[in-house]
Amino acid sequence: DLYYILYLIYCKNAYYLIFFKGMKSPMLAPSLLSADFGNLEKAIKQIEENNGSVVHIDVMDGQFVPEITYGQPIVRSIRKLTKLPFDVHLMVDNPEQQIESFAKAGADWIDFHLEATNHAHRLIQMIHDFGKKAGVAICPGTPISALSELLESADIILVMTVNPGWGGQKIIPSCVKKVVDLKNIRQKKGYKFLIGVDGGVNSETLAYVKDAGADVIVSGSAFFNNTLNWS
Ligand code: DX5
Ligand code: ZN
């Protein structure tokens, strides 16, 4: 999580090399799930003006999770409102059927659930074939050991810290431990994936999630209530 900056400065006939060391700060990915669906343009503006680096788009199909949100047509129409990357979190059964159409609708990252497919490895390849970043999401009940064969090729591991399906739930602390474990594995093996945290992040839990080492932090209800206190 450290980064280094080197500056070469010329001053009074001599060159000086200055060296800075710092901590990478995580990216904020506000989730549209808690936005006013009647005014998505305003929601996107709020994301741009309040430190959002990524737009997190929760797609639910009424099968993998009980509710139904939005699909490709909505992604297509909000695509023209911003240059921020779109992180499409597919909470759907048979995600293989949705990859191509979301890629074409404007997704930049596509996250599917490990629990929703028998062919996670092939799905990562498919997402890469469309030139997109591949994310693998895991529910609270899925251990990170189930990801072991995917960590080399996945671009992001999305650790669900609530059971998927609804915004505004309470964080499950034991899930945050998965972030620490993933970070250790990544360092040991030299993998490149980012670690995302999704669910229950608010002003009280934000520091805890940052300290665990998340690279991407999703926030829905707290972000759109204006109570997240991101800085
Ligand atoms: C939950 C979704 C989340 C949700 C998070 O199933 O995947 O992205 O929007 O909402 P909060 O931040 O309110 O827990
Ligand atoms: Zn999500």
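**Entry 1: Tyr15**

I opened the notebook at Tyr15, which lies in strand β2, residues 14-23. This is a predicted model, and I kept that in mind throughout. Is Tyr15 buried or exposed? Its relative accessible area is 59%, so I noted Tyr15 as exposed.

Next I looked up what Tyr15 touches. Leaving out residues up to four places away in sequence, I found Leu8, Ile9 and Tyr10. I also checked Tyr15 against Leu28: they are 13 residues apart in sequence, and their C-alpha atoms are 38 Å apart in space.

**Entry 2: Lys12 and Asn51**

From Tyr15 I went to the loop between β1 (2-11) and β2, where Lys12 lies. The phi of Lys12 is near 50°, a positive value, and the residue is not a glycine. Lys12 has 76% relative accessibility, so I put it down as exposed.

Asn51 also went on my list, with a positive phi of about 75° although it is not a glycine. I located Asn51 in the loop between α1 (40-49) and β4 (55-60). Its relative accessibility is 45%, which means that Asn51 counts as partly exposed.

**Entry 3: Leu228**

I then turned to Leu228, in the segment after α7 (221-224). At 5% relative accessibility, against a cut-off of 20%, Leu228 counts as buried.

Which residues does Leu228 contact, once its neighbours within four places in sequence are set aside? I wrote down Leu28, Val201, Asn202, Ser203, Leu206, Ser219, Ala222 and Phe223. Leu28 was a friendly reappearance here, as I had already paired it with Tyr15. For Leu206 I looked up the spacing too: Leu228 and Leu206 are 22 residues apart in sequence, and their C-alpha atoms are 7.8 Å apart.

**Entry 4: the zinc site**

Which residues coordinate the zinc ion (ligand 2)? I found His56 through NE2, Asp58 through OD, His89 through ND1 and Asp198 through OD, at 2.1 to 2.3 Å. Along the chain, these donors follow the spacing H-x1-D-x30-H-x108-D.

I looked at the geometry next. Six donor atoms surround the zinc ion (ligand 2), and the angles they subtend run from 70 to 169°, which makes the arrangement octahedral. That label asks for opposite donors over 155 degrees apart and all others between 65 and 115.

I also looked up the accessibility of two of the coordinating residues. His56 has a relative accessible area of 0% and is buried. Asp58 has 4% relative accessibility, so it counts as buried too.

**Entry 5: salt bridges**

How many salt bridges does a search of the whole structure find? It finds four, and I followed up some of them.

One of them joins the side chains of Asp108 and Arg79, at 2.9 Å from N to O. Asp108 sits in the loop between α3 (99-105) and β6 (109-113) and Arg79 in helix α2 (residues 72-79), so this pair ties together parts that are 29 residues apart in sequence. Asp108 is partly exposed, with a relative accessible area of 27%.

Lys104 and Glu100 also meet in a salt bridge, at 2.5 Å from N to O. Both lie in helix α3, four residues apart, which I noted as about one turn of the helix. Lys104 counts as exposed at 61% relative accessibility, whereas Glu100 counts as partly exposed at 38%.

Asp181 pairs with Lys177, and their closest N and O atoms are 3.0 Å apart. These two are four residues apart in helix α5 (residues 173-189), so about one helical turn separates them. Asp181 is partly exposed, at 25% relative accessibility.

**Entry 6: the whole protein**

I closed with the overall figures. The protein has seven helices and ten strands. What is its radius of gyration? I noted 19 Å, and a compact globule of 231 residues would have one near 17 Å, so the protein agrees with that. Along the principal axes, its C-alpha atoms fill a box of roughly 70 × 40 × 35 Å.

Buried residues make up 48% of the 231 residues. Of the contacts with a separation of 6 or more, 58% are between residues 24 or more positions apart. The accessible surface comes to about 11,900 Å², and carbon and sulfur atoms account for 51% of it.

Notes
Residues are numbered from 1 along each chain as its sequence is written. Chains are lettered from A and ligands numbered from 1 in the order in which they are written. This is a predicted model: local features need pLDDT of at least 70, side-chain atom pairs count only at pLDDT 80 or more; totals for chains, interfaces and linings use all residues. Side-chain values use heavy atoms; hydrogens and water are left out. Donors are N, O and S atoms within 2.8 Å of the metal (3.2 Å for Na, K and Ca); water is not among the atoms, so sites may look incomplete. Four donors count as tetrahedral if all angles lie between 85 and 135 degrees; four count as square planar and six as octahedral if opposite donors are over 155 degrees apart and all others between 65 and 115; anything else is irregular. Buried means under 20% relative accessible area, exposed over 50%, partly exposed in between (1.4 Å probe, protein chains only). The radius of gyration is taken over C-alpha atoms; the globule rule is 2.2 Å times the number of residues to the power 0.38. Contact means heavy atoms within 4.5 Å. Accessible areas come from the Shrake-Rupley method with a 1.4 Å probe; for residues, only the protein chains shown count as cover.
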